[in-house]
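Visitor: I would like a close look at a single part of this model, taken slowly and with its surroundings. Please choose one strand, begin with its two faces, and then work outwards to whatever lies around it.

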Amino acid sequence: MRVLILNAGSSSLKTSVLDVPRTGRRMPAMVASANVDWGSDATRIDASGGVVKAIKQFETDGLDLSTVESVAHRVVHGGPSFVDAVVVDDAVLRQLDELAPLAPLHNPVAVATIRAARQVLPGLPHVAVFDTGFHATLPESARRYPVPHRWTKDWGVRRYGFHGLSVEWSVERAGQLLGRRPASLALVVAHLGSGCSVTAVLRGRSVMTSMGMTPLEGLMMGTRAGSIDPGILLKLLREDRLALPELATELDHASGLLGVSRKTGEVRDLLDLAAGGDGRARLALEMFVDRAAGGIAAAVTALPRLDAIVFTAGIGEHAGSIRAAIVKRLAAVGVGPISPAENGRDRMIRAASASKGAAILRVEAREDVVAGRHAVRALRD
């Protein structure tokens, strides 16, 4: 089945067209791809314009859009209602609207894109695929927070986890690189991009993940703080330092690497600044490495052993020096050092050994492949 994939993120619309086998696990064939930059503020996007621009780019490249049979949309947060991929109708869109407060950087953009795409391509089935779905296997001890029971029972406070499509692909690719069945592996997947998370995966199932009820929890990120003392937030609100909307904005858009460096949330730019002697840039990168290594080490404790650490997403794939610095911090859990070199290809950076511990892998994030497969399965079933 030929599937148009629309991956609406907080900074861009990533699109691709894949020929996805209707059965089996064969690799979908890439037909075309195009990216549309939303600009610096994804809350003010022109979703219809973005979808139209991507389609025009496909047509310019010679793709006949009439050959597309369905559209798959990546949606970050599925809430308690959506685990499996679902064919979109008006009722589904209304339910997705209600989830916007749980992922305000991501879900409103995705839902706007779905609405726009349904208008532009009304004759095709549209399928929503959820990043939270992969983490439905979290055990209750990992899913629950140590808060009053009524928070969980009456208000739905729980861990969901994110980057599930990326983690699912990383597990499959790890099996290929290691020459083992994914269901036999104990892995930690470090998805390090503008958003960052680590997930412990045992026999193909998520058993621990760093992001929580929202994508704000966990590691330090590009513009998000990650986990900080909640008492800080209470203090700022109690003393009227920030109003609630301001607090939400600063935690989402002005924290993390950007907040510490005061210049940028992009690792590539921070590396250049640090090399030029910028102390704030150096501090931001040191803090990022510390928190990523700590997250990986914590994830290891959820596994009976560690077969491999998988680095993926923009930083995990391309920032070899950051990856090597993170691994260096893991010596205490038996992981040996790696080279900072990067050649842009999926590979085993270092094989597992008795002296150097678990294997270290580099995997390109391919959420589009997983989204396409889930969409085909939803339409087939």
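Guide:

**Strand β6 and its surroundings**

Strand β6 is covered on both of its faces: H126, A128 and F130 are buried on one side, and V127 and V129 are buried on the other. Since this is a predicted model, everything that follows describes computed coordinates. With five of its five residues, 126-130, counted as buried, β6 is largely enclosed by the rest of the structure; the cut-off behind that word is a relative accessible area under 20%.

The pairing of β6 can be followed on either flank. Strand β4, residues 70-75, runs parallel to β6, and the two are joined over five bridges. Along this pairing V71 stands opposite H126 of β6, while V75 stands opposite F130 of β6. Strand β5, residues 86-87, pairs with β6 in the antiparallel sense over two bridges, and here V86 has A128 of β6 as its bridge partner.

These pairings belong to an open sheet of six strands with mixed pairing, whose order is β3-β2-β1-β4-β6-β5. The edges are taken by β3, residues 29-37, and by β5, each of which has a single partner strand, so that one side of each is left without a neighbour in the sheet. Helix α14 lies across β1, β2, β3, β4, β5 and β6, and its direction makes about 125° with that of β6.

Within the sheet that holds β6, one side-chain contact deserves mention. R2 and D19 meet in a salt bridge, with 2.7 Å from N to O. This pair links distant parts of the chain, as R2 belongs to strand β1, residues 2-8, and D19 to strand β2, residues 12-19, with their positions 17 residues apart in the numbering. D19 counts as partly exposed, at 28% relative accessibility.

Helix α14, residues 367-380, also leads to an enclosed space. The structure holds one cavity of 30 Å³ or more, and the largest cavity contains about 40 Å³ of space. Its lining consists of R25, E168, W169, E172, V370, R373, H374 and R377. Both α6 and α14 supply at least two residues of that lining, and α14 gives the most, with four residues.

Helix α6 in turn leads to the other sheet to be described here, an open one of six strands with mixed pairing and the order β9-β8-β7-β10-β12-β11. Its edges are β9, residues 205-209, and β11, residues 347-350; each has a single partner strand, so one side of each is left without a neighbour in the sheet. On average, and with direction ignored, neighbouring strands of this sheet are turned by 30° against each other. Helix α6, residues 164-178, packs on this sheet and touches β7, β8, β10, β11 and β12, with its direction at about 125° to that of β7. At one end of the strand order, β8, residues 196-202, and β9 pair in the antiparallel sense over four bridges, and L202 stands opposite R205 of β9.

Further charged contacts can be placed beside the R2 and D19 pair, since a search of the whole structure finds 21 salt bridges. One of them joins E217 and R159, whose closest N and O atoms are 3.4 Å apart. E217 lies in the loop between β9 and α7, whereas R159 lies in the loop between α5 and α6, so the pair ties together parts that are 58 residues apart in sequence. E217 counts as partly exposed at 22% relative accessibility, whereas R159, at 12%, counts as buried. Another salt bridge is formed by the side chains of E140 and R144, at 3.5 Å from N to O; E140 is partly exposed at 45% relative accessibility, and R144 is partly exposed at 31%. Beyond these pairs, R173, R323, E342, D346, R347 and R362 are linked in a network of salt bridges.

To return to the starting point, β6 is a strand with buried residues on both faces, with β4 as its parallel partner and β5 as its antiparallel one, and with α14 lying across the sheet strands that include it.

Definitions and conventions
Residues numbered from 1 in each chain as written. Predicted model: local features only at pLDDT ≥ 70, side-chain atom pairs only at ≥ 80, totals over all residues. Heavy atoms only, no water. Buried < 20%, exposed > 50% of the residue type's maximum accessible area, 1.4 Å probe, protein only. Pairing = 2+ DSSP bridges. Axes fitted to C-alpha atoms, helices over the stretch in contact; angles between N-to-C directions. Contact = heavy atoms within 4.5 Å. Salt bridge = Lys/Arg side-chain N within 4 Å of Asp/Glu carboxyl O. 1 Å grid on protein atoms, 1.4 Å probe; cavity = no way out; pocket = protein on both sides within 12 Å on 5 of 7 lines; lining within 4 Å. Points joined across faces, edges and corners; volume = space filled by probe spheres on them.
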